[in-house]
Amino acid sequence: MSTTPVFSGMMLPWNRYSKRIYRPEIGCKTLSVFVSIYTLVFLNFTFWHKGMEYYSGHIVDFVILGVGIFLLLNAVILSFSVKYCIKPIFILFILISAVSSYYQDTFGILITNEMIRDAVTTTVNEARHLITGKFVFHVFVFGIVPSFLVGWIKVKHQTILTKVATNTAYILACVVVILGTVTVNYPLNASVFRNHHDFIGSLNPVGPIASAIKYTRIILSERNIVVAPLGLDAEKGPLATAAPNPVITILVVGETARAQNFSLNIYDRETNPELARRNVISFTDVTSCGTATAVSMPCMFSLDGRSEHSSSRGLSNENLLDVLVHAGVNVVWWDNNTGDKGVAARIPSENLSRGDTVPFCRDGECDDGILVDRLNRYIGDLTEDTVIVMHQIGSHGPSYYLRYPPEFEKFTPACSTDQLGDCTQAEIINAYDNTILYTDHVLAQIIDLLEAQEDNFVTSMIYMSDHGESLGEFGLYLHGAPYLIAPEVQTRVPFIMWLSPEFASTMHIDSSCLRSRRELEVSHDNLFHSVLGGMNIHTEIYQRDLDIFALCQS
Ligand SMILES: [Zn+2]
């Protein structure tokens with residue numbers, strides 16, 4: 001029996017003082033049982049909660065499955081019970097589970113590979129709203145403290161041959177019982193697993209680790225990607241060529257705006273008072289490509305529709321913006337969010353979110369009014385056909401209250417903290433609706449600015465959000481739910497357009513005809529071809545049936 005500290009050679013606190021401080025000694029199987037029980041009981045509230053719901057009326061079957069889950073976790077954990085590895089790996093499992101359980105239990109967020117991509121590509125400013133005092137407290141109590149205990153105890157290791165023999169026998173025994181517990185109720189278990197992908201995905205630490213492995217695999221496959229050109233044949237059509245002035249389209253990519261909270265659609269609160277007075281067309285049945293920025297935004301600009309899109313395909317092919325450039329259009333990207341996610345890789349882009357322009361910016365973030373300010377300073381110099389993409393911060397949570405200036409706090413009391421758990425659902429919705437009210441104002445200002453330039457340019461504006469948001473419905477908050485099980489509030493997005501009379505006449509578009517089609521079922525898939533159609537760009541890759549303008553173009 002070895003009494004060597006597990007971290008022998010490493011100057012960890014429990015080693016340095018090991019001779020003076022009492023340290024209990026337990027076997028590695030016992031430790032793995034403790035870690036499994038701790039993880040399942042304290043760090044899997046969401047998993048059990050979902051299980052109770054999905055196995056409603058079959059509680060005995062769920063208990064049997066629970067035994068199987070315990071043995072599964074125990075077998076997985078014990079597989080890593082190798083001298084010098086056991087403690088770091090157990091601690092890693094506990095910390096991953098502690099972090100994951102916080103977001104699952106607090107916001108109903110699953111740690112999918114798409115969420116990991118979103119987190120990795122986010123900014124420090126965005127991340128700081130999610131790393132709150134409560135998060136730190138949760139991770140300290142449920143992650144750091146038990147990790148310290150794991151580090152403190154001594155682990156009795158058997159000789160290598162004995163360990164391999166006994167661990168293998170133990171793991172095989174677990175596997176046999178696991179298979180038994182799953183197969184005894186196979187039809188029920190298969191049905192739950194097939195219909196509720198979020199169930200096993202919420203099991204800590206299995207779900208987040210599987211997601212991290214998947215994300216790593218995707219990232220590795222995306223290395224050394226050579227971007228394939230797209231639409232090299234693109235050219236301006238006769239309508240664009242004959243335009244009396246440069247054609248300018250402002251394409252506003254919204255953030256976290258859900259269609260349900262737009263009074264232009266069905267919402268009974270007046271969240272769009274300014275747009276309502278500006279002759280816009282709001283499509284009411286629009287679905288997003290994904291439920292997170294890192295998925296939706298590249299998809300919106302990709303030739304692939306939702307069914308074919310993947311991050312790898314998005315990165316390995318040029319997109320809508322490149323096609324516009326091939327046609328000789330001036331394209332720029334202005335970002336007031338967490339970056340372009342690779343979409344604007346080959347065009348000029350400006351990050352406005354880190355500025356200190358008064359009165360838009362404070363505490364390292366800027367209101368979307370800064371996009372209007374930039375347009376005001378830019379538009380006068382334009383001499384060629386142009387598409388300006390404005391990537392909003394929009395309604396990005398959980399700090400909804402920071403997304404609008406104080407004078408837009410119309411719906412009160414508004415949740416004024418990023419700790420959503422400290423607010424009532426009504427307060428959260430109030431704060432969120434204020435963000436929509438401010439977006440309404442920003443879009444109206446853009447329209448006014450374009451209208452003021454009617455003698456100089458042929459202008460239009462298209463606004464489309466990247467995905468929606470959960471505001472406490474079904475116990476869910478924020479966004480990022482796996483698409484197949486995502487609630488409609490995360491996948492229904494606003495899609496609003498404004499066409500100046502000059503634009504409509506130049507491009508032969510009947511605006512009232514478009515307005516009469518506003519209830520048509522459309523999606524992010526339509527954006528690519530509608531922008532090409534609206535700008536009268538001819539290319540072989542253009543699909544007329546996905547171009548919304550083509551419905552009403554003579
Ligand atoms: Zn987003």
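A salt bridge here is a side-chain nitrogen of Lys or Arg within 4 Å of a carboxyl oxygen of Asp or Glu. With that in mind, select Asp 285, Glu 488 and Arg 492: these residues are linked in a network of salt bridges. Please remember throughout that you are looking at a predicted model.

**Stop 1: the sheet**

Switch to a cartoon view and find the open sheet, which is built from 7 strands with mixed pairing. Walking across it, you meet the strands in the order S5-S15-S12-S4-S11-S7-S8. The edges are strand S5 (281–283) and strand S8 (349–351), each of which pairs on one side only. On average, neighbouring strands of this sheet are turned by 15° against each other, ignoring direction.

**Stop 2: strand S12 and its two neighbours**

Now select residues 458–465, which make up strand S12. Is S12 mostly covered or not? It is mostly covered, with 8 of its 8 residues buried. In a regular strand, side chains alternate between the two faces of the sheet. Try colouring the two sides of S12 separately: Val 458, Ser 460, Ile 462 and Met 464 are on one side, while Thr 459, Met 461, Tyr 463 and Ser 465 are on the other, and all are buried.

Keep Met 461 selected and look to both flanks. Strand S4 pairs with S12 in the parallel sense over 8 bridges, and Ile 250 stands opposite Met 461. S12 is also joined to S15, by 5 bridges, and these two strands run antiparallel. In S15, the bridge partner of Met 461 is Trp 498.

**Stop 3: strands S7 and S11**

Next, select residues 330–335 (S7) and 386–391 (S11), which run parallel and are joined by 6 bridges. For one pair to label, pick Asp 335 and its bridge partner in S11, His 391.

Which helix packs on the sheet here, touching S4, S7, S8 and S11? Select residues 369–378 to see helix H17, whose direction makes about 150° with that of S7. Then add residues 425–451: this is helix H18, lying across S4, S11, S12 and S15 and running at about 165° to S12.

**Stop 4: salt bridges**

A search of the whole structure finds 16 salt bridges. Begin with Glu 222 and Arg 117, whose closest N and O atoms are 2.9 Å apart. This pair links distant parts of the chain, 105 residues apart: Glu 222 is in the loop between helix H12 and strand S3, and Arg 117 is in helix H6. Are these residues buried or exposed? Glu 222 is buried, with a relative accessible area of 9%, and Arg 117 counts as buried at 13%.

Move on to Asp 385 and Lys 236, where the closest N and O atoms are 3.4 Å apart. Here too distant parts of the chain are linked, with Asp 385 in the loop between H17 and S11 and Lys 236 in strand S3, 149 residues apart. Asp 385 counts as buried at 9% relative accessibility, whereas Lys 236 is partly exposed at 28%.

A third pair to display is Arg 362 with Asp 367, at 3.2 Å between the closest N and O atoms. Arg 362 counts as partly exposed at 33% relative accessibility, but Asp 367 counts as buried at 3%.

**Stop 5: helices H6 and H8**

Go back to Arg 117 and extend the selection to residues 113–120, helix H6. Its buried residues include Asn 113, Met 115, Ile 116, Arg 117 and Asp 118. What covers them includes H12, helix H14 (293–300) and helix H15 (311–316).

Then select residues 133–152 for helix H8, which has 20 residues and reaches 26 Å from its first C-alpha to its last, close to the expected 28 Å. Where does H8 bend? Centre the view on Phe 140, where the bend is about 40°. The buried residues of H8 are Phe 135, His 138, Val 139, Gly 143, Pro 146, Ser 147, Val 150 and Gly 151.

**Stop 6: Val 280**

Finish at Val 280, in the loop between S4 and S5. Because the cut-off for buried is under 20% relative accessible area, Val 280 counts as buried at 11%. Leaving aside neighbours within four places in sequence, show its contacts: Leu 264, Leu 275, Ile 447, Ile 496, Met 497, Trp 498 and Arg 515. For a last distance, select Leu 527, which is 247 residues from Val 280 along the chain: their C-alpha atoms are separated by 17 Å.

Notes: Residues are numbered from 1 along each chain as its sequence is written. This is a predicted model: local features need pLDDT of at least 70, side-chain atom pairs count only at pLDDT 80 or more; totals for chains, interfaces and linings use all residues. Side-chain values use heavy atoms; hydrogens and water are left out. Two strands pair if DSSP finds at least two bridges between them. Helices (H or I, at least four residues) and strands (E, at least two) are DSSP runs, numbered from the N terminus. Axes are lines fitted to C-alpha atoms, for helices over the stretch in contact, and angles run from 0 to 180 degrees between N-to-C directions. Contact means heavy atoms within 4.5 Å. The expected span of a helix is 1.5 Å times one less than its number of residues. The bend at a residue is the angle between axes fitted to the seven residues ending there and the seven starting there. Buried means under 20% relative accessible area, exposed over 50%, partly exposed in between (1.4 Å probe, protein chains only).
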